[in-house]
Amino acid sequence: MKIKTINSIIVNNPVPIESGTSGRYPLFIDDGFLVFRVSGNRDEHISFGLLARVFPENYETIRPHEHVIYEKLAIKKQDILVDRMSNKPVCLLFHPKEEITRLIKRGFDLGKRITHYTYENHLYEYVICDRSDWVHELTMLLHDIPQMVIADGHHRTAAYFSHRQENEDFGLFSALMSLDQVSVRSYHRKINLPGSVIVHFRTHLGEHYDVSPASEQHIRYLTKYGQPDDQSILVYHQQKWNRLDPKKPTSKIRSGSADLLHQFEQHFFQPFCQMSDLNFNQYLEYISGSEIEMDNLHLDNTEFLFVFPAVDPKFLWDASLRGEIMPAKSTWIEPRMLTDIIQVPHDYE
């Protein structure tokens, strides 16, 4: 897999750095990698990564872990035709390799800071490291990476592959991170149904799941981190939390998987929509864990919030390499990649 340095960028610097520079400015890089560090609320929550252009040989080189939403994919394809630069990197994961992680951290320490930004209580810092010995060593190690897995940016990656079939290959603007540098969280589902089908929906729910009250500890742990028992779902409706356990799972629910989500959509909600003559996508909204305000959670009487356990990072990796693809919007990855802070022109040469 070819991984190349980025030659030119547009930096959106909202706050002055050491040089006192702020605002938007072009930056040209002769030979160096862009390295970033993301620091969270806790001192131990620090992630390092690399911004680069990736030129995958084929679809097998970069593996998806979840399906795309085709309406969204069409929009991303159109964006590529219209936009002259990429404003957000695709996040690609590589299997943990101590030498690469060590070099990326060293590159951050040696690099020249170009911008920093705070988002959702996380500090994002970007540097350029152009030490020739460091660049050479890192390039050699990156060349030996056989495969990577998409953490975030499935639609942008699919649009890139589609575009390059008939156009110049300008590379995939990517953030490269080790699997052990990220946390995997769940995307949840909010369903807002017409009042006329609410009673039918509750009955249908009781036919497929055993419903029992959920403990406060279980609720708070799941909505923030995952859940201690990944064989159940939580549902919030009319100011009450309940636990859902499948009565008749179609297959074994694997620990750390997205099986509960798959069964919920394929064997419960989609059939219910078909029976009720409803459009599945019209009544479904994707909610990330960061969007759930536990202390200020208000839903209409027709709304249901379904909260799913997190996918284990090792399961995500192994399942992707064996070709297993999870439902769309199964996961969201921390740290999230920022939009518009670093922009990369397509015609960089």
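## Gly323 and the basis of the model

Gly323 is partly exposed, with a relative accessible area of 44%. The classes are: buried, under 20% relative accessible area; exposed, over 50%; partly exposed, in between (1.4 Å probe, protein chains only). Gly323 sits in the loop between H8 and E19. Helices (H or I, at least four residues) and strands (E, at least two) are DSSP runs, numbered from the N terminus. The C-alpha atom of Gly323 lies 7.8 Å from that of Arg63, although the two residues are 260 residues apart along the chain.

This is a predicted model, in which local features need pLDDT of at least 70 and side-chain atom pairs count only at pLDDT 80 or more, while totals for chains, interfaces and linings use all residues. Residues are numbered from 1 along each chain as its sequence is written, and side-chain values use heavy atoms, with hydrogens and water left out.

## Overall fold

The protein chain has eight helices and 20 strands. Of its 349 residues, 54% are buried. Contact means heavy atoms within 4.5 Å. Among contacts with a separation of 6 or more, 80% are between residues 24 or more positions apart.

No disulfides turn up in a search of the whole structure; the criterion is a pair of cysteine sulfur atoms within 2.5 Å. Cys91 is buried, at 1% relative accessible area. Cys273 is buried too, at 1% relative accessibility.

## Nonpolar cores

A nonpolar core is a set of buried Ala, Val, Leu, Ile, Met, Phe, Trp, Tyr and Cys residues joined through side-chain atoms within 4.5 Å. The largest one has 36 residues. Ile9, Leu34, Leu51, Leu93, Ile114, Tyr126 and Ile342 have the most contacts inside it. At least two core residues come from each of strands E2 (8–13), E4 (33–39), E8 (90–94), E10 (122–129), E11 (148–152), E12 (172–178) and E20 (342–345), and from helix H8 (313–321). H8 gives the most, with four residues.

Leu93 shows how the packing runs. Beyond residues up to four places away in sequence, Leu93 touches Met148, Val149, Ala151, Met177, Ser178, Leu179, Val182, Leu316 and Trp317. A second, separate core has 30 residues, including Leu50, Val54, Val127 and Tyr160.

## The largest pocket

Pockets and cavities are found on a 1 Å grid over the protein atoms alone. A cavity is a set of points where a 1.4 Å probe fits but cannot get out; a pocket is an open set with protein on both sides within 12 Å along at least five of seven lines. Lining residues have an atom within 4 Å of a point. Grid points are joined across faces, edges and corners, and a volume is the space filled by probe spheres set on the points.

The largest pocket holds about 820 Å³ of space. Its lining has 37 residues, and Lys76, Lys88, Asp152, Gly153 and Arg156 lie nearest its centre. Helix H1 (70–82), strand E7 (85–86), E11, helix H4 (154–164), E12 and strand E19 (331–334) each give two or more residues to the lining. By type, the lining divides into 15 nonpolar, eleven polar and eleven charged residues. Here Ala, Val, Leu, Ile, Met, Phe, Trp, Tyr, Cys and Pro count as nonpolar, Asp, Glu, Lys and Arg as charged, and the others, Gly among them, as polar.

## Enclosed cavities

There are three cavities of 30 Å³ or more. The largest has a volume of about 80 Å³. Phe36, Val38, Leu51, Asn87, Pro89, Tyr124, Tyr126, Arg336, Met337, Leu338 and Ile342 line it. E4 and E10 are the elements that give two or more residues to this lining. Nine of the lining residues are nonpolar, one is polar and one is charged.

The second largest cavity has a volume of about 60 Å³. Its lining includes Ser186, Tyr187, Phe308 and Ser330. Strand E13 (183–192) and helix H7 (259–275) each supply at least two lining residues. The split is seven nonpolar, three polar and no charged.

## Backbone details and Ser86

A cis peptide bond joins Glu334 and Pro335, with omega about 0 degrees. Pro335 lies in the loop between E19 and E20. Two residues that are not glycine have a positive phi: Asn121, at about 65 degrees, and Lys329, at about 55 degrees. Asn121, in the loop between strand E9 (112–119) and E10, is exposed at 54% relative accessible area. Lys329, in the loop between H8 and E19, is buried at 17% relative accessibility.

Ser86 belongs to strand E7. At 18% relative accessibility, Ser86 counts as buried. Leaving aside neighbours within four places in sequence, Ser86 contacts Phe173, Ile342, Gln343, Val344 and His346.
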